[in-house]
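Me: I'd like to go through the charged side chains of this one with you and check how each label is earned. Could you show it to me before we start?

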Amino acid sequence: MTFRIGYVGYVPHQNFFDTCAADPALEVVRVPLEADIGEAVQILSSCHGYYAMASRDELPRHLHVNEALLAKLPHLLMVASTGAGYDPCDPDACTAAGVALVNQAGGNAEGVAEHAVGLMLGCLKRVPEAHAAMKAGQAQDRGALMGRELRGRVVGLVGCGHVGGRVAEIVRAAFGCEVLACDPFVDAETLVARGATKVEMDELLARADVVSLHCPLTPATRGLIGRAQFAAMKKGVVFITTARGSIHDEDALLEALQSGHVASAGLDVWEVEPPTPSHPLLHHPAVMASQHTAGVTHESRANITKIAALAFGELAAGRMPPRIVNPEVKPRFAERVRAALGTTPA
């Protein structure tokens, strides 16, 4: 039978359509971005798969994957996010509904890791301040913009999965950095293999010259870095995040920048995306900002869309899809797949 996949508005790269087209079992249908809940449910109710935007502020709220929407989609078997993150999707609600939630972890790791290291370099060399000074005609004193080098510094990674591991590899190989990592889901031996030393958060904050976030936004990580954590960092620390908005407290970061305790910040993610043009962090001279574009490269987009299409194809062929975020769903998910498709995914 045909395995139908619904998506809203657009997908990040043509590779998704090309990969799906190569699999005769897959059919892709579009939900207009402007569709109301009635029209959207009418289309999605015929789908076994939902390819959902990973950014919570791009996907209309009524199409976020939560208990209310899932109750309207009794045939849905699998939701795949368009990226490593899955902010608009509630894993617990998916589990309760017997729906597998799949992300694209690792698919954009190179793009995000390179971006994070680029922000480190730009902040240490005070590129944002130099840019602002030049625009204001105040760049005559080059010594006033004295920077620092990354080589030999201590880099602290909060999260050391696909992206964090690649960041560790880059800064160790290229700059001889010591890498500390705080990650409750990765053991010390694995972190050593990734080029990092496992430490607790207190030690990481106290020792790192650069603190870089690489963890997902979950109930446990929401608000993880606030006033107390910024205060616990070394004076003159560089703060980097390419993870998710709401993991760090934006007001607390602004205060730490204004006091000089945090020397500079490289920010790719925001509590509201895009942030308003008047956002005070955008106007701080020591902030290097981008709009959640770390993983927006031709290579990353091609890769994440291909592996998402292949994951749908695995399920359509009767196999368990990879990268399931809510693995506890598997027994009920298998029962629902068998009832819908006549095969038990293994």
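Me: Why is Arg227 called partly exposed?

Reply: This is a predicted model, and in it Arg227 has a relative accessible area of 45%. Buried would need under 20% and exposed over 50%, so Arg227 falls in between and is partly exposed.

Me: What makes Glu255 and Arg227 a salt bridge?

Reply: Their side chains meet at 2.7 Å, N to O, and the cut-off is 4 Å, so the pair qualifies. Glu255 sits in helix H11 and Arg227 in helix H10, 28 residues apart. As for Glu255, its relative accessible area is 37%, so it is partly exposed.

Me: Why is Asp209 called buried, and what is Lys234 called?

Reply: Asp209 has a relative accessible area of 14%; buried means under 20%, so the label fits Asp209. Lys234, at 30%, counts as partly exposed.

Me: How do you know that Asp209 and Lys234 form a salt bridge?

Reply: The N to O distance is 2.7 Å, and the limit is 4 Å, so this pair counts. It links distant parts of the chain, 25 residues apart: Asp209 is in the loop between helix H9 (201-207) and strand E9 (210-213), and Lys234 is in the loop between helix H10 (227-232) and strand E10 (237-241).

Me: What makes Glu27 and Arg4 a salt bridge, and which elements hold them?

Reply: Their closest N and O atoms are 3.4 Å apart, which is within the 4 Å cut-off. Glu27 lies in strand E2 (residues 26-31) and Arg4 in strand E1 (residues 3-8), so the pair ties together parts that are 23 residues apart in sequence. Glu27, at 32% relative accessibility, counts as partly exposed, and so does Arg4 at 23%.

Me: How many salt bridges are there in the whole structure?

Reply: The search finds 13. Arg56, Asp87 and Arg244 are linked in a network of them.

Me: How do you know that Glu250 has no salt bridge?

Reply: The nearest side chain of opposite charge to this buried residue is Arg56, 7.3 Å away. A salt bridge needs a nitrogen within 4 Å of a carboxyl oxygen, and none is found for Glu250. Glu250, in helix H11 (residues 250-259), does have a polar contact of 2.8 Å with the side chain of His279.

Me: Lastly, which residues form the negative surface patch?

Reply: Glu67, Asp90, Asp92 and Glu328 form it. Asp90 is at 33% relative accessibility, and patch members need over 30%, so Asp90 passes that cut-off.

Note on methods: Residues are numbered from 1 along each chain as its sequence is written. This is a predicted model: local features need pLDDT of at least 70, side-chain atom pairs count only at pLDDT 80 or more; totals for chains, interfaces and linings use all residues. Side-chain values use heavy atoms; hydrogens and water are left out. Patches are made of residues with over 30% relative accessible area and no salt bridge: like charges are joined within 9 Å, nonpolar side chains (Val, Leu, Ile, Met, Phe, Trp, Tyr) within 5 Å. Accessible areas come from the Shrake-Rupley method with a 1.4 Å probe; for residues, only the protein chains shown count as cover. Lys and Arg count as positive and Asp and Glu as negative; His and the chain ends are not counted. The place of a charge is taken as NZ of Lys, CZ of Arg, CG of Asp or CD of Glu. Buried means under 20% relative accessible area, exposed over 50%, partly exposed in between (1.4 Å probe, protein chains only). Helices (H or I, at least four residues) and strands (E, at least two) are DSSP runs, numbered from the N terminus. A polar contact is a pair of N or O atoms within 3.5 Å; within protein, one must be able to donate a hydrogen and the other to accept it, and residues adjacent in sequence count only if both atoms are side-chain atoms.
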